[in-house]
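Student: Got a minute to go through this one with me? I'd like to start with a helix and work outwards.
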Amino acid sequence: NEKIQWTEKGIQKCGGCLKMTPCYIGLVKSIKALLYFDKYTSNYDSRAESLIQKGIIYMKKHLLYKRLSNREPINCRILNIAYPQSYRLNVTELLEVMYITGNIDDEACKDALKHIKKKKKDGYWKTDHIYRGTGYVSFDKRGGKGEWVSFLLEKYTEGSI
């Protein structure tokens, strides 16, 4: 709840960013970065762990992908299945964070897991969207058998709610 002093234009076009509401995409991407920082460094950092836990609590409030105000999806692409993720955020990445932190069986993941399980056809998931951008390479073809997303989502949904 700290208001910043940003006076320029453009960066606030998506709503909550840099006002008193954190950017949800940035928040989850930061949690993920801290998780990998924590995993691949030898020095335990209690600050990183504390921030990860605060972030997980916030993600759970959102039921991973929903706005707090009206419980609609945060954006039009958040329920897409794709890997790797781009600057945007999607359900694959949200479930990845919850899986890595041991929270995949939490009640807050129930709707996202239900959505994912419904999209599995013939033993695999298809990639919904391919992000276009310089330097971005999708691991699967759009609409085809998503071997990467299927590998990941199989782990996340195995034995879950």
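Tutor: Sure. This is a predicted model. Start with helix H1: its buried residues are Tyr24, Leu27, Val28, Ile31, Lys32 and Leu35.

Student: How do those buried residues sit around the axis of H1?
Tutor: Look down the axis. The buried residues of H1 fall within an arc of 135°, so they line one face of the helix. The general rule behind such patterns: an α-helix has 3.6 residues a turn, so residues three or four places apart point the same way.

Student: What covers the buried residues of H1?
Tutor: The cover includes helix H2 (46-61) and helix H3 (91-100).

Student: And how many residues does H1 have, and what does it reach end to end?
Tutor: H1 runs over residues 24-40, which is 17 residues. From first C-alpha to last it reaches 24 Å. That is close to the 24 Å expected at 1.5 Å a residue.

Student: Switching to rings. How many aromatic pairs are there?
Tutor: The count comes to three aromatic pairs. One of them is Tyr36 with Tyr40, and that pair is stacked. The centres are 6.1 Å apart, with 5° between the planes.

Student: Where do Tyr36 and Tyr40 lie?
Tutor: Both are in helix H1. They are four residues apart, about one turn of the helix.

Student: Is Tyr40 buried or exposed?
Tutor: Tyr40 counts as exposed because its relative accessibility is 61%, and the cut-off is over 50%. Tyr36 is at 28%, so Tyr36 counts as partly exposed.

Student: What about Tyr99 and Tyr156, which geometry do they have?
Tutor: Tyr99 and Tyr156 form a tilted pair. It's 5.1 Å centre to centre, with 45° between the planes. The pair links distant parts of the chain. Tyr99 is in helix H3 and Tyr156 in helix H5, 57 residues apart.

Student: Why does Tyr156 get the label it does?
Tutor: Tyr156 is at 2% relative accessibility, so it counts as buried. Tyr99 is partly exposed, at 34%.

Student: Which other residues of H5 are buried?
Tutor: Besides Tyr156, the buried residues of H5 are Val149, Ser150, Leu152, Leu153 and Thr157. The buried residues of H5 pack against H3 and H4.

Student: What lies over the face of Tyr124?
Tutor: Lys145 does, at 5.5 Å from the ring centre.

Student: New topic, the loops. Where is Thr127?
Tutor: Thr127 is in the loop between helix H4 (110-119) and helix H5 (147-157). Thr127 is buried, with a relative accessible area of 2%.

Student: What is Thr127 in contact with, leaving aside its neighbours within four places in sequence?
Tutor: Ile81, Ala82, Asp140, Lys141, Arg142, Gly143, Gly144, Gly146 and Val149. Val149 is also among the buried residues of H5.

Student: Last one, backbone. What is the phi of Leu63?
Tutor: Positive, about 50°, although Leu63 is not a glycine. For background, most residues other than glycine have a negative phi. Arg71 also has a positive phi, about 65°, and is not a glycine either.

Student: Where does Leu63 lie?
Tutor: In the loop between H2 and H3. Arg71 lies in the loop between H2 and H3 too.

Student: What are the accessibility labels for Leu63 and Arg71?
Tutor: Leu63 is at 24% relative accessibility, so it counts as partly exposed. Arg71 is partly exposed, with a relative accessible area of 37%.

Methods: Residues numbered from 1 in each chain as written. Predicted model: local features only at pLDDT ≥ 70, side-chain atom pairs only at ≥ 80, totals over all residues. Heavy atoms only, no water. Helix = DSSP H or I, 4+ residues; strand = E, 2+ residues; numbered from the N terminus. Buried < 20%, exposed > 50% of the residue type's maximum accessible area, 1.4 Å probe, protein only. Contact = heavy atoms within 4.5 Å. Expected span 1.5 Å × (residues − 1). Arc of directions from axis to C-beta. Phe/Tyr/Trp six-rings, centres within 6.5 Å; stacked < 30°, edge-to-face > 60°. Lys NZ or Arg CZ within 6 Å of the ring centre and 35° of its normal.
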